Amino acid sequence: GRMPKVVDRAQVQLDILLAFQSCVQEKPLLKVTMRDIAAKANMTHVNVLHYYRSKEALIDAYIQYITELYSKAFEHWVEGIDEDTNMGEYLGEKFVEMLGRDSFVHSQVFTQVYVLGIYDERTHAAIQKTYGAWEESLNMTLRKKFGTDMAKEAKSLLVLIEGILLYSTNEALSKSQAKAVLAHLAQLSA
């Protein structure tokens, strides 16, 4: 007999999340349907529902995906800091590097999810949890690096990162402009 097809469940779930992300780039989140997502993922509607029983469940999974993705990115970013680091320059160079093209895509989608959170308590709670996870990830990584609690710095960095990403959702801020903004902020704080 034939061997059954082995399905990499995690990969299929990621493919669906990326299809969702792609759909939300093309039209508003509230207008994106599970059928749109299925078509973009080259899957049947029923198959998508097998992985995510509703659009809400898919949005929850997307929030979780972005949470984990950026927690790892923050940790990697902080690892490059040492005692001799000029934070203004480092912020400008490494932060903008971290914000590759994908982060603007994530930001466009996450901004719509964020707006949904204004009206939907469950989504709002998930976003609050994400910010908590990011703050904790930044604080933990900074604490490991500098040996002291960095909760205030972690929150400040997160606000700065989110501000730049939000400002950039309409691609109003190029990488070079983001670098310049960070350099000016560093001069202000010096």
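When I say that two residues are in contact, I mean that they have heavy atoms within 4.5 Å of each other. With that in hand, and bearing in mind that what you see above is a predicted model, let me begin with Leu138, which, leaving aside its neighbours within four places in sequence, is in contact with Phe74, Trp77, Val78, Ala154, Leu157 and Leu158.

Leu138 also leads us to the interior. The largest nonpolar core has 46 residues, and Leu138 is listed among those with the most contacts inside it, together with Ile16, Phe20, Ile37, Tyr52, Leu58 and Trp134. At least two residues of this core are supplied by each of the helices H1 (9-26), H2 (34-40), H3 (45-51), H4 (55-79), H6, H7 (121-146) and H8, and the largest share, 11 residues, comes from H4.

Let me now turn to one pair of these helices. H1 and H4 pack with their axes 10 Å apart and at an angle of about 100°, and because angles of 65 to 115 degrees count as roughly perpendicular, H1 is described as roughly perpendicular to H4. On the H1 side the residues that meet H4 are Leu14, Ile16, Leu17, Leu18, Phe20 and Gln21, while H4 brings Leu58, Ile59, Ala61, Tyr62 and Tyr65. Sorted by class, this contact of H1 with H4 has 10 nonpolar residues, one polar residue and no charged ones.

Next, consider Ser107, which lies in helix H6, spanning residues 101-119. Is Ser107 buried or exposed? Its relative accessibility is 7%, and since buried means under 20%, Ser107 counts as buried. Not counting residues up to four places away in sequence, Ser107 touches Leu165, Leu166 and Thr169.

Lys152 offers a contrasting case. Its place is in helix H8, residues 151-167, and at 73% relative accessibility Lys152 counts as exposed, because the cut-off for that word is over 50%. Lys152 and Glu135 are 17 residues apart in sequence, and from C-alpha to C-alpha they are 9.2 Å apart in space.

I would like to finish with a residue outside the helices, namely Asn42, which lies in the loop between H2 and H3. Asn42 likewise counts as exposed, because its relative accessibility is 73%. What is the phi of Asn42? The value is near 55°, which is positive, and this in a residue other than glycine. As background, most residues other than glycine have a negative phi.

Note on methods
Residues numbered from 1 in each chain as written. Predicted model: local features only at pLDDT ≥ 70, side-chain atom pairs only at ≥ 80, totals over all residues. Heavy atoms only, no water. Helix = DSSP H or I, 4+ residues; strand = E, 2+ residues; numbered from the N terminus. Buried < 20%, exposed > 50% of the residue type's maximum accessible area, 1.4 Å probe, protein only. Core = buried A, V, L, I, M, F, W, Y, C linked by side-chain atoms within 4.5 Å. Axes fitted to C-alpha atoms, helices over the stretch in contact; angles between N-to-C directions. Parallel < 35°, antiparallel > 145°, perpendicular 65-115°, else oblique. Nonpolar A, V, L, I, M, F, W, Y, C, P; charged D, E, K, R; others polar.
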